[in-house]
Amino acid sequence: MEVSSEAGYFHKYAKKFRRTLTAKEFEQFAALATDLERFAFVNELKWRVVNELPLEQSSDKGKRLEQALKHKSDGDRLMRDEEWTAALKCYNRAYLLLPEENSHEKALLLDNRSLVLLQLTKLDQSLEDIDRAIGYGYPSDQLATLWERKARIFQTKKDFKSAVECLDKTVYYLQHRSTLLGSDQPEEKLEELKKLTDALYYQYKNVQKYLEPPKGTRPFQSHLDGGILYDSSETEGRFAKAKTNLRPNQTILKEKPHAAALLQEYSGTHCSDCFERIEVLYCCPHCTDVVFCSGRCEKNGCQGYHRYECGYLSSLWNSGATIVSLLALRIITQKPYSYFEEIRHELPELTTSVTDKLPDDDYRKIFNLVTHSDKRSPEDNLVWTLMATMLNSVLRMGNYNGVVEENNFLGYLLLHNLQVVNYNAHDVSEVQRKHSNEPAVSVAIGAGLYPMLALFNHSCDPGILRYFTGTTVHVRTIKNIAAGVIIAENYGPLYTRMTRSERRQSLASNYMFECGCQACEADWPMCANMNHSVIRFRCTGAPPCQEPVLYDLHSSSQGVRCKACGHIVDVGERIRILREANMISRFNEANHLYQMGMYEQAMAKYAAIMMIMDEVLIPPYRDYHMCQQGMRRCCLDLGSCYVSCPSSEK
């Protein structure tokens, strides 16, 4: 993948920069051996065409008071008509567009949105909007309304202690309002609140002794199955392999990314922090380039990486910078500069014995992932280095490290990150369909760098598949994997859909290696070209023979001699086992379970069929592939899914 598209201004900028280099200067650059030297060299000369780089913080960050008020007005009308979901969308849009200085308008908007969220039974989000409305300076003479609403929500949640506290606040602000406006508060209302307070306090005291203390949310822990270990060799590099026999449908890895970034087209619909679809919108107070799904994600983004990107994302998108470049930058901005300075001296000496014990969010965990910098042409190296200088300028202008000078160390890390991301990051996908009963399409919405997943090598006949919930990746096995065998994933082309020459060309172009997996070595046919009249039986000779015994279904012979070991295989017995397994019926049951939305049960059925086939047959064969495809469908539907036109109700 490239660091930029031809459509943006960076592509033209890079061409102009290349033309400024003399033949001698380019030879000097080509002779450089390290990324640090390359960055320093290009960074010293980039000023020749600096005027051709329109990289600046956007003065117009998208906030629009007039448009925001129009969306709020539409939301008010929809709320009166009890069109709650449509009203929420309007209020979300209004909240995104409201400038930060319009605090009064924000307070009124959040008050209305909390009412809509209450109708949609989103109680926690409704409470958060009430608190934000108060924080934005909601009119004091109307605060009693908000505190009473909070009390009713806490009552619904059976948090009677908080409900009583909110009712006390309600009474206080009612009395404050009477003093402020010089009017008497109706005694009936105060008496009603007092009775409710007493009732809730009584409930609180009676249930308190039975309530368990609240449990804090557990931090996410990456999970790697104990049957997996990492090994290395000169030919394969680092790779995952099975320590024990693995069966189909085992979850062997669950991992959060070291860093992740959304594609531009999903920056307004998905949370910048966790990639969840936006229902209740939270946003940066200064720009409209990113949105968040919760206050927690908003805090993570705005107090972390986004404060250095705010105002520059639009310019980076216009430059044509690809997700590779955006993710390379995010790896830096999600940590303070002091963090990288602290570990700087360790980076050249890192070993796997150290990095394997580190958590996924530690930069040292991903630093030694493969970069293939020695295989890149000097022309490519020049473009990638120039992109690193542009990203470094974003850090400088965003006051990332607190100084205005260019920082060659940060630039070197950015150049290194670009190459790490290019060969190790994964597309983060979401399953999309128009209607719930239609076939789904898996769509990339961003990219993430997963330190443990990145160590799984490629096969055109992979043993695992991956799916995503937000940014979390889940990995399951889709075939039997014997102890000691490499556990391979797939980097794009499958043998069932693409010829060997096409696969190898694609992999060499994108990942700089020639695939030597079993499907490539034996040149397995694509699914459409498989001969279904020939069965590949597993030899039953002892010791276990791994060679297939081919049997033509048109033959009347009951025994076939194995060409490898000479053993005569009783094909009649093998066929009887397959028939008694009733696999067609089981396969139809699995498909039915999938259609019913019972994905885990369907996968268990598919896996059971595959176990039987694996005892009798040797791949490739179509039925095994069909079961794997069934498991893929199930897994994708267990992940993040979006239906654009669901059946709607008020």
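**Exercise 1. Two crossing helices**

In which kind of crossing, left-handed or right-handed, does α14 pass α19? Let us work towards it in this predicted model.

*Solution.*
- Step 1: Find helix α14 at residues 323-333 and helix α19 at residues 408-424.
- Step 2: Look at how the axes lie. They come within 8 Å and cross at roughly 130 degrees.
- Step 3: Name the arrangement. Angles over 145 degrees count as roughly antiparallel and 65 to 115 as roughly perpendicular, with the rest between these ranges counted as oblique, so α14 is oblique to α19.
- Step 4: Give the handedness: α14 passes α19 in a right-handed crossing.
- Step 5: Check which residues meet. Those in α14 include Leu327, Ala328 and Ile331, and those in α19 include Leu414, Leu418 and Val421.

**Exercise 2. A second helix pair**

Describe how α4 and α5 pack, then look at the loop between α4 and α5.

*Solution.*
- Step 1: Two packed helices are described by the angle between their axes and the distance between the axes.
- Step 2: Helix α4 (residues 65-80) and helix α5 (residues 84-97) pack at about 165 degrees, and their axes are 8 Å apart.
- Step 3: An angle over 145 degrees counts as roughly antiparallel, so that is the word for α4 and α5.
- Step 4: The crossing of α4 past α5 is left-handed.
- Step 5: Among the residues of α4 that meet α5 are His71, Leu78 and Met79; on the α5 side, Trp84, Tyr91 and Leu97 are among them.
- Step 6: Now visit the loop between α4 and α5, where Glu82 has its place. Glu82 is not a glycine, yet its phi is positive, about 60 degrees. Its relative accessible area is 44%, so Glu82 is partly exposed.

**Exercise 3. Rings that meet**

Classify two aromatic pairs, Tyr172 with Tyr173 and Phe340 with Tyr363.

*Solution.*
- Step 1: The count comes to 17 aromatic pairs. One of them joins Tyr172 and Tyr173, with 4.9 Å centre to centre and 80 degrees between the planes. Planes over 60 degrees apart count as edge-to-face, and this pair is edge-to-face.
- Step 2: Compare exposure. Tyr172 is partly exposed at 48% relative accessible area, whereas Tyr173 is buried at 17%.
- Step 3: For Phe340 and Tyr363, the ring centres are 5.2 Å apart and the planes stand at 80 degrees, so this pair is edge-to-face.
- Step 4: Phe340 belongs to helix α15 and Tyr363 to helix α17, so the pair ties together parts 23 residues apart in sequence.
- Step 5: Both Phe340 and Tyr363 are buried. Together with Tyr339 and Phe367 they form one aromatic cluster.
- Step 6: Add a charge: the charged end of Lys335 sits over the ring of Tyr339, 4.7 Å from the ring centre.

**Exercise 4. Inside a loop**

Is Val280 buried or exposed, and which residues does Val280 touch?

*Solution.*
- Step 1: Locate Val280 in the loop between β5 (259-262) and β6 (282-283).
- Step 2: Its relative accessible area is 2%, so Val280 is buried.
- Step 3: Leaving out residues up to four places away in sequence, Val280 touches Asn92, Arg113, Leu117, Lys122, Gln125, Phe292 and Cys293.
- Step 4: Take Cys293: Val280 and Cys293 are 13 residues apart in sequence, and their C-alpha atoms are 6.0 Å apart.
- Step 5: Phe275 also lies in the loop between β5 and β6. Phe275 has a positive phi of about 70 degrees although it is not a glycine, and at 2% relative accessibility it counts as buried.

How values were computed. Residues are numbered from 1 along each chain as its sequence is written. This is a predicted model: local features need pLDDT of at least 70, side-chain atom pairs count only at pLDDT 80 or more; totals for chains, interfaces and linings use all residues. Side-chain values use heavy atoms; hydrogens and water are left out. Rings of Phe, Tyr and Trp (its six-membered ring) pair if their centres lie within 6.5 Å; planes under 30 degrees apart count as stacked, over 60 as edge-to-face and the rest as tilted. Buried means under 20% relative accessible area, exposed over 50%, partly exposed in between (1.4 Å probe, protein chains only). Helices (H or I, at least four residues) and strands (E, at least two) are DSSP runs, numbered from the N terminus. A charge sits over a ring if NZ of Lys or CZ of Arg is within 6 Å of the ring centre and within 35 degrees of the ring normal. Axes are lines fitted to C-alpha atoms, for helices over the stretch in contact, and angles run from 0 to 180 degrees between N-to-C directions. Angles under 35 degrees count as roughly parallel, over 145 as roughly antiparallel, 65 to 115 as roughly perpendicular and the rest as oblique. A crossing is left-handed if the near helix is turned anticlockwise from the far one by less than a right angle, and right-handed if clockwise. Contact means heavy atoms within 4.5 Å.
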